Amino acid sequence: MKKVLLSGYYGFGNTGDEALLAAIIEQLRAAIPGVKITALSNNPAETAAAYDVRAADRWRFWDVFRAIRKCDIFVSGGGSQLQDATSSKSLYYYLALMLLARMLRRRVFVYAQGVGPLNKKRGRRCAGFVLRRCHCITLRDEDSAQLLLSLGVPAEKLIVTADPVLAWPCDEPPPPLPVGRKMAFCLRPSPKLNIPGVAAAADRFAGEGWKIIFLPFSEESDLPVCRQAAAAMNRESFVLPGTTPSRMMAILGACEAVVGNRLHALVMAAAGAVPFLGLVSDPKISSFCAGLQQPALDLETLTEELLCEKIAEVISKSEESRQYFTERRPQWRRICRANAEMVRECAFGAQHLKLEYFLGETEQEAGE
């Protein structure tokens, strides 16, 4: 019975990261029967109760040390942990955990992460040093792979897959929502975010009968921004805080358009076959939008008129986008399942894993 230790930004109340944890746990349990999972968390009791796993306090060194010693494989799971745009401290924290795991002779697997930006020379040097010592690195986008290649990470260790949330089978029904066509705005703080422009654009669509819903992915950081935008509107809108990952997925799936600068709002929209517009505050958003043929708008150029134009473009191509997402679902499921199957093989000592080996599609999947 294999023991997996998961490391990520868990237990902080960020809906996107909690959705990642839920998706990774589900995929690991499907791939490794009887697997024992422990997660490093900011709130161990809450994480353990929510996901039926063991949890250790990520801030207590000896708890982390013991958790690593007890595991068979250390998994750095999902998200954008390896970047220095917001803070170099978090980058060094996650790299230190991987290095400690290697020093304790544990296998290290990087699970469908988005890497970068890495703007500082020291951060790039440290990232390259540690990641070259990992056993396998799966990435959610090609840009991350190119960055790691530039840091000297061997190509045979890098496999581009997909964000785990794209294949998360969430079947929870949505809570009671306003009746009518719904448009969700998922906003996070950014000095470049033109809140009056967003509010004015939302007003226009509210005037056309759309129900405007603001969905904060973090109550601490996003909720004040969402409330500010809602307050700047002249027409009615709705702010829905305190939403769990599964409920967030259900709400976004009930919408007809999603607008936001939260990456996992866009990922959840795609998973629910809902067209979206990315507001680019980070290169990962423009990369994700380009990969799924959805429009993006740079925050530096955001005005009421341009935002309305881009949202109208999303709406006009709604049926085309829904069909495109629906057709991609079987592929997303296979690729995300492959992430977990590679963890299984890596835990048993396999070397030189290849994505193609894990993508055997059944006739049923091929016909979906």
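Ala112 sits in strand β5 of this predicted model. Its backbone is a good place to start reading the structure, for Ala112 has a positive phi of about 50° although it is not a glycine. Most residues other than glycine have a negative phi. Is Ala112 buried or exposed? With a relative accessibility of 0%, Ala112 counts as buried, because the cut-off for that word is under 20% relative accessible area.

A second residue invites a side-by-side reading. Asp52 is not a glycine either, and its phi is positive, at about 55°. The setting of Asp52 is a loop, the one between α2 (44-51) and β3 (54-57). Here the relative accessible area is 64%, so Asp52 is exposed. Thus Ala112 is buried in its surroundings, whereas Asp52 is exposed.

Further along the chain, the backbone offers another feature to look for. Which two residues are joined by a cis peptide bond? They are Gly116 and Pro117, and the omega angle between them is about 0°. Most peptide bonds, by contrast, are trans. Pro117 is found in the loop between β5 and α5.

That loop leads the eye to helix α5 and its neighbours. Helix α4 (residues 88-103) packs with helix α5 (residues 121-131) at an angle of about 20°, and their axes are 10 Å apart. The angle makes α4 roughly parallel to α5, because angles under 35 degrees are counted in that way. The crossing of the two helices, α4 and α5, is left-handed. On the α4 side, the contact is made by Leu91, Tyr92, Leu95, Met98 and Leu99. On the α5 side, Arg122, Gly123, Cys126, Ala127, Phe129, Val130 and Leu131 take part. Sorted by character, the residues of this contact between α4 and α5 comprise 10 nonpolar, 1 polar and 1 charged. A general point helps when following such a list along a helix: an α-helix has 3.6 residues a turn, so residues three or four places apart point the same way.

Helix α5 also has buried residues, namely Gly123, Ala127, Gly128, Val130 and Leu131. What do the buried residues of α5 pack against? Their partners are α4, β5 (107-113), β6 (136-139) and α6 (142-150). Strand β5, the home of Ala112, is therefore worth finding again at this point, because it is among the elements that the buried residues of α5 pack against.

A second pair of helices can be viewed in the same spirit. Helix α1 (residues 15-31) and α13 have axes that come within 8 Å and cross at roughly 60°. The two helices, α1 and α13, are therefore oblique to each other, and α1 passes α13 in a right-handed crossing. In this contact, Gln27, Leu28 and Ala31 of α1 meet Cys336, Ala340, Glu341, Val343 and Arg344 of α13. The residues of the contact of α1 with α13 divide into 5 nonpolar, 1 polar and 2 charged.

Helix α13 spans residues 318-347, and Ser318 belongs to it. Ser318 is buried, as its relative accessible area is 13%. Leaving aside residues up to four places away in sequence, Ser318 touches Glu256 and Pro275.

Finally, a word on confidence. The protein chain averages a pLDDT of 94, and 98% of the residues score at least 70. Over residues 362-368, pLDDT stays under 50, and for this stretch the model has 7 contacts beyond four places in sequence.

Methods:
Residues numbered from 1 in each chain as written. Predicted model: local features only at pLDDT ≥ 70, side-chain atom pairs only at ≥ 80, totals over all residues. Heavy atoms only, no water. Axes fitted to C-alpha atoms, helices over the stretch in contact; angles between N-to-C directions. Helix = DSSP H or I, 4+ residues; strand = E, 2+ residues; numbered from the N terminus. Parallel < 35°, antiparallel > 145°, perpendicular 65-115°, else oblique. Left-handed = near helix turned anticlockwise from the far one by under 90°. Contact = heavy atoms within 4.5 Å. Nonpolar A, V, L, I, M, F, W, Y, C, P; charged D, E, K, R; others polar. pLDDT = per-residue confidence, 0-100. Buried < 20%, exposed > 50% of the residue type's maximum accessible area, 1.4 Å probe, protein only.
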